[in-house]
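Thanks for coming, everyone. I'll walk you through one structure today, piece by piece. Please have it open as we go.

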Amino acid sequence: MSEQTLSNLMHEDRRFEPPAEMAADANVQEEAYARADADREAFWADAAERLDWGRKWDQVLDWTDPPFAKWFVGGTINASVNCVDRHVDAGNGDKVAIHWVGEPDDDTRDITYAQLKDEVSKAANALTELGVQKGDRVAIYMPMIPEVVVAMLACARLGAPHTVVFGGFSADALASRITDCDAHVVITSDGGYRRGAASALKPAVDEAVEKTGDLVRHVLVVRRTGQDVAWDDSRDVWWHEAVDGASADHEAEMHDSEHPLYVMYTSGTTGKPKGILHTTGGYLTGTSFTHWEVFDLKPETDVYWCTADVGWVTGHSYMVYGPLANGATQVMYEGTPEKGRWWQIVQDYKVTIFYTAPTAIRTFMKQGREIPDGYDMSSLRLLGSVGEPINPEAYIWYREVIGGDRCPVVDTWWQTETGQIMISPLPGVTAGKPGSAMKALPGISADVVDDDAKSVGNGNGGYLVLKEPWPAMLRTLWGDDERFKETYWSRWPGLYFAGDGAKLDDDGDVWLLGRVDDVMNVSGHRLSTTEIESALVSHPKVAEAAVVGAADETTGQAVCAFVILRDSAGDGGEDIVEELRKHVAKEIGAIAKPRQIMVVPELPKTRSGKIMRRLLKDVAEDREVGDVTTLADSTVMDLIKSKETSAS
Ligand code: WTA
């Protein structure tokens, strides 16, 4: 990384101490770091003790065949029993597990733990009727309705690994995932609500099933919107017919700790998605413990809300398994962020812990603070961020406008592969620095290394690696052990390479710099896309920015920026491009000055909100734009291209 790297991100030097009350009462205190360092396995064994096991483990960790880890070896456990039955057995059956908020106004349901247990048991019985057995894979393609949680937990109960495919993915994407994991049953719904209108899901399933030959034997369909659907009597089954009539008694079997829990597909550097495999005991330990630790969860009083879609790992770890294993009360919202709706929900349900992504925060910043200022959000006590580096401006806005300047912000770094949060402040311990994810959590060993795997030391940048196995780590890529080794463990023996660049500041705190594939080399200087983006969004007229390195004859790569202006900036004025170039030069140095800045109406984002820089690179390098099928809105690239044509 360049010496200048992060100089911009680090301009904000305010520190935010934990509120005294939170510090005094925090679930996890400073001593945990030393305790975990002294005996990592004992630390994780304590975390596992928080769960109910059928049979206790003989060995905490078996790492004799790296990189294939086994956690809580010999133990047996059922994730579904831990997420529902045990709360009912403990007398908390009447407690609300999920405050579900539908997209149409006034469409809400409160589901208690006792009701959830009944629904999960019925669904498990119904799936058994459909021939699902332990070990079989089940694909789930659903909107954000309670039945998706029920379906996941029913699969977990049976030991049938689920693979949840985000409801916005195409039929092709669904088909390739069904095929890759060889699923014979798909659970879906007729449709879901998006921006006030019913949008169909079943036709994509029909198409995917068609494409996969005779692989899929049954499609279980929830009636959500009531829209017309094509029906194949030999294959399709209504959820309300199969599940509602099933018995609410289901004796759950305890599964081996290493029994597969789910497969989650995520994109890699090549075209073929990777099926990340998570197993049961370690995953549930890692997610439930960190959920309790990082969000300082007080299950008796907190109302937790993670805005992620269940189709992503955040929805799995921090909406389903972590919070439910902890007996939390949480909000689940069917819709997408719309102007005031989120804040209305925070106000109505008195949400205390709120977990979202920087991209959402920046969207709200762009709309102006008047909107959130119109709601009473005094119930909030803790804010979380995940998915990409949070630039200091967004952090400060989140803290001040949403958090009333009283709630700590936990910037949580982790990945689909890690399963659990790895680097984050502890809300009752850490004095937060805007823009830094701070330190590896107790029991986690991370470092920043150079090309020769040497620790770079404080004040330097390099590659983020994980040095010790952790309970919720991926076990392999589904059906592809070789690719698992090659992708994550081949660069430096014994180290898990996360694919992210990072820098340690003078205090040893971690600053994430984005994927190393996004690092640019301009005239021999290495520059981070994140750093330049942060500089751009620190300009008062800029709402969002994406930067790519485009091939350049003279300098190797050149910085190309795409910016969305704030509503209040109008068209930015005639000299906006020059103004922004100067601003970047001022913030970072002349070397970082973008060669080209395009003002655009939208940025190409995946459905999980990640900017697809690859497509912007195509524009910057004047190539035909590549595959746009994973974009949330595939028309965005046309908008950007037409903008370019009209500008040139
Ligand atoms: C990025 C999402 C900076 C990072 C849970 C990582 C972050 C990738 C942060 C994983 C953060 C996630 N700060 N970068 N707090 N959280 N990332 O698999 O590049 O969808 O490698 O998992 O997102 O994305 P994934």
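In which strand does Asp411 lie? Asp411 is part of strand 20, which covers residues 409-412. One caution before we go on: this is a predicted model.

Let's stay with this residue. Is Asp411 buried or exposed? Its relative accessible area is 6%. The cut-off for buried is under 20%, so Asp411 counts as buried. What is it in contact with, beyond its neighbours within four places in sequence? Asp411 contacts Ser385 and Ile390. It also contacts Ile423, Ser424 and Pro425. Then come Gly435, Ser436 and Ala437.

Asp411 also turns up in a record. An unreviewed UniProt entry lists it under "binding site". Others in that UniProt list include Gly387, Glu388, Pro389, Asp500, Arg515 and Arg526. Keep Asp500 and Arg515 from that list in mind for the next part.

Now to a sheet. It is open, with 4 strands in the order 21-22-24-25, and the pairing is antiparallel. Which strands are at the edges? Those are strand 21, residues 446-449, and strand 25, and each pairs on one side only. On average, neighbouring strands here are turned by 45° against each other, direction ignored.

Look at the pairs inside that sheet. Strand 22, residues 461-466, joins strand 24 through 5 bridges, in the antiparallel sense. There, Tyr463 has Gly501 of strand 24 as its bridge partner. Strand 24 spans residues 496-504, and 4 bridges link it to strand 25, again antiparallel. Across that pairing, Lys503 faces Trp511 of strand 25. The two strands make a hairpin, with 5 residues between them. In its turn, Gly508 has a positive phi of about 85°.

How many of the residues of strand 25 are buried? The count is 5 of 6, over residues 510-515, so call this strand mostly covered.

There is another hairpin to see. Strand 9, residues 191-194, and strand 10, residues 197-200, run antiparallel and are joined by 4 bridges. Tyr193 stands across from Ala198 in strand 10. This hairpin has 2 residues between the strands, and Arg195 takes a positive phi near 45°.

On to helices. Why call helix 11 largely enclosed by the rest of the structure? Because 13 of its 13 residues, 313-325, are buried. Just after helix 11 comes Gly327, with a positive phi of about 70°. Helix 17, residues 529-537, is mostly covered too, with 9 of its 9 residues buried. Among those buried residues are Thr529, Glu531, Glu533 and Val537.

Last topic: the nonpolar cores. In soluble globular proteins, nonpolar side chains tend to be buried together. Here, the largest nonpolar core holds 115 residues. Which residues have the most contacts inside it? They are Ile140, Leu153, Ile187 and Tyr321. Helix 6, residues 146-158, gives the most to this core, with 10 residues.

Take Ile187 as an example. Leaving out residues up to four places away in sequence, Ile187 touches Leu127, Val138, Ala139, Ile140, Tyr141 and Met142. It also touches Ala151, Leu220 and Trp239. Apart from the largest core lies another, of 30 residues, including Val101, Val303, Met377 and Ile402.

That's the tour. Questions are welcome.

Conventions: Residues numbered from 1 in each chain as written. Predicted model: local features only at pLDDT ≥ 70, side-chain atom pairs only at ≥ 80, totals over all residues. Heavy atoms only, no water. UniProt positions renumbered as here; feature names shortened; annotations may be inferred. Buried < 20%, exposed > 50% of the residue type's maximum accessible area, 1.4 Å probe, protein only. Contact = heavy atoms within 4.5 Å. Pairing = 2+ DSSP bridges. Axes fitted to C-alpha atoms, helices over the stretch in contact; angles between N-to-C directions. Core = buried A, V, L, I, M, F, W, Y, C linked by side-chain atoms within 4.5 Å.
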